[in-house]
Amino acid sequence: MPISTKFKRTPYTIAGDSFISSAKDLSSQYTKGMMAVPTPNSLTEGAALYSFPGQKAWSTGGALEADRRIYKQLFNSKGWKVSGTTLYSFDSAGAQTSEGSIPGSQLVSMADNGTVLFIIANNIAYTHNKTSLSVLSLDFTPVQVDYLNDQFIVLASDSTVRISNVGTTVFDPLNSFTANSASDLMVGVKVFNQFLFNLKGNTIEPWENTGSGNPPFERMNGAIIEEVGLANKNAICGTSEALYFLGSNRIPYRIVNFQAQKLTDSNPGVAELFSGYSSSDAFVECFQIYGQDVILFYFPADNKVWAI
């Protein structure tokens, strides 16, 4: 026989999206240090709350070494990262091996062609050929590197995009282009879904690899995104479904089908908070937890990290 009670049962959600606003009556929820995982059943009402992963050390390097980039794929059957001023490889047990010195403290850019790992740090290019690390001499100042169809793609400090010869780290001066649909300067390059996105201060130009010509790329005029730019070269990442980035206006976006979509339309409080952060050193990382895509927006100067 059911027990009678004079108390009313009221559902109280503790797992879900954050909604922040300077108007306190609109700040309905703030999930911090936790993540919601969809579990569609009657017990959890659609979500369960988990501690955010990554709080236990798996592998450690030198004392006080800050990670400047962890490469997101294997090269030579090993993981790779730059921590402090050292390039490390590491195995599946977390054992690290020093592979050489990369001076500086800024975030680095990395790509590989299966034979060579290409690294740009503090406007200096390095290559690792599975045996040793060396400085790559170039006739331009490199800023960022990516890779597509057996060619390295390097953004130069003069806003030109340089394309390597097929299968090499040799750059022919004729094999380059400038994304000039608008006069704003280049900020970063990113390959996504076999297209090269040239991200500028207030414009995004997708280019397609044609496989022939110098350079073997053509601008996709009907797909140019206007009035949206990239905050800085490190403020972008990609999943299997979309590109995610911090805009030059400090608003988080994703690009789907060559359309830039604000991530704050349903949660304007996040845009309100982001507008007060410094974006010059912000960076964005994409990874998966429990099969879910997680996008982290880091704001080091403000000591803030947001997961979307």
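In this predicted model, Asn123 sits in the loop that runs between strands β8 (117-121) and β9 (124-128). Its phi angle is near 65°, a positive value in a residue other than glycine. Most residues other than glycine have a negative phi. Asn123 is partly exposed, with a relative accessible area of 39%. A similar entry can be made for Arg250, whose phi is near 70°, again positive in a residue other than glycine. Arg250 belongs to the loop between β21 and β22, and with a relative accessible area of 31% it is partly exposed.

The backbone has another feature to look for. Asn214 and Pro215 are joined by a cis peptide bond, with omega at about -5°. Most peptide bonds are trans. Pro215 is found in the loop between β17 and β18 (217-219).

Asn123 also leads to Val143, because the two are in contact. Val143 is part of strand β11 and counts as buried, with 14% relative accessibility. Besides Asn123, and leaving aside neighbours within four places in sequence, the contacts of Val143 are Ile120, Leu155, Ala156, Ser157 and Lys233. For Val143 and Ala156, 13 residues apart in sequence, the C-alpha atoms are 5.4 Å apart in space.

The nonpolar interior comes next. The largest nonpolar core has 30 residues, and those with the most contacts inside it are Ile204, Phe245, Leu246, Phe274 and Phe297. At least two residues of this core are supplied by each of β15 (186-192), β16 (195-200), β20 (236-238), β21 (243-246), β22 (252-256), α1 (268-274), β24 and β25 (292-299). Strand β21 gives the largest share, 4 residues. The surroundings of Ile204 can be followed residue by residue: not counting residues up to four places away in sequence, Ile204 touches Phe197, Asn198, Leu199, Ile224, Ile225, Val228, Phe245 and Ile255. A second core, separate from this one, holds 14 residues, including Val143, Val161, Leu196 and Trp207.

Asn209 offers an example of a polar side chain with partners of its own. This residue is found in strand β17 (residues 203-209) and, at 18% relative accessibility, counts as buried; the cut-off for that label is under 20%. The side chain of Asn209 makes a polar contact of 2.6 Å with the side chain of Asn149. A polar atom of the Asn209 side chain also lies 2.8 Å from the backbone oxygen of Pro216. Both partners appear among the residues that Asn209 touches, which are Leu148, Asn149, Gln151, Pro216 and Phe217 when residues up to four places away in sequence are not counted.

Charged side chains pair up as well, and the structure holds 6 salt bridges. One of them joins Glu285 to Arg69, with the closest N and O atoms 3.0 Å apart. Glu285 lies in strand β24 (residues 283-289) and Arg69 in strand β3 (residues 67-70), so this pair ties together parts that are 216 residues apart in sequence. Arg69 is buried, its relative accessible area being 19%.

Another salt bridge links Asp139 with Arg162, where the closest N and O atoms are 4.0 Å apart. Asp139 lies in the loop between β10 (133-136) and β11 (142-148), while Arg162 is in strand β13 (residues 160-164), so the pair ties together parts that are 23 residues apart in sequence. The side chain of Arg162 also meets that of Asp158 in a salt bridge, at 3.7 Å from N to O. Together, Asp139, Asp158 and Arg162 are linked in a network of salt bridges. The members of this network are described by three labels: Asp139 is exposed, with a relative accessible area of 57%, Asp158 is partly exposed at 47%, and Arg162 counts as buried at 13%.

Finally, there is open space to explore. The second largest pocket contains about 820 Å³ of space. Its lining is made up of 29 residues, of which Tyr71, Lys72, Met110, Asp146 and Lys190 lie nearest its centre. Two or more lining residues come from each of β3, β7 (109-112), β11, β15, β20 and β24. Strand β11, which also carries Val143, gives the largest share of the lining of this pocket, 5 residues.

Conventions. Residues numbered from 1 in each chain as written. Predicted model: local features only at pLDDT ≥ 70, side-chain atom pairs only at ≥ 80, totals over all residues. Heavy atoms only, no water. Buried < 20%, exposed > 50% of the residue type's maximum accessible area, 1.4 Å probe, protein only. Core = buried A, V, L, I, M, F, W, Y, C linked by side-chain atoms within 4.5 Å. Contact = heavy atoms within 4.5 Å. Polar contact = N/O pair within 3.5 Å; in protein donor to acceptor, adjacent residues only side chain to side chain. 1 Å grid on protein atoms, 1.4 Å probe; cavity = no way out; pocket = protein on both sides within 12 Å on 5 of 7 lines; lining within 4 Å. Points joined across faces, edges and corners; volume = space filled by probe spheres on them.
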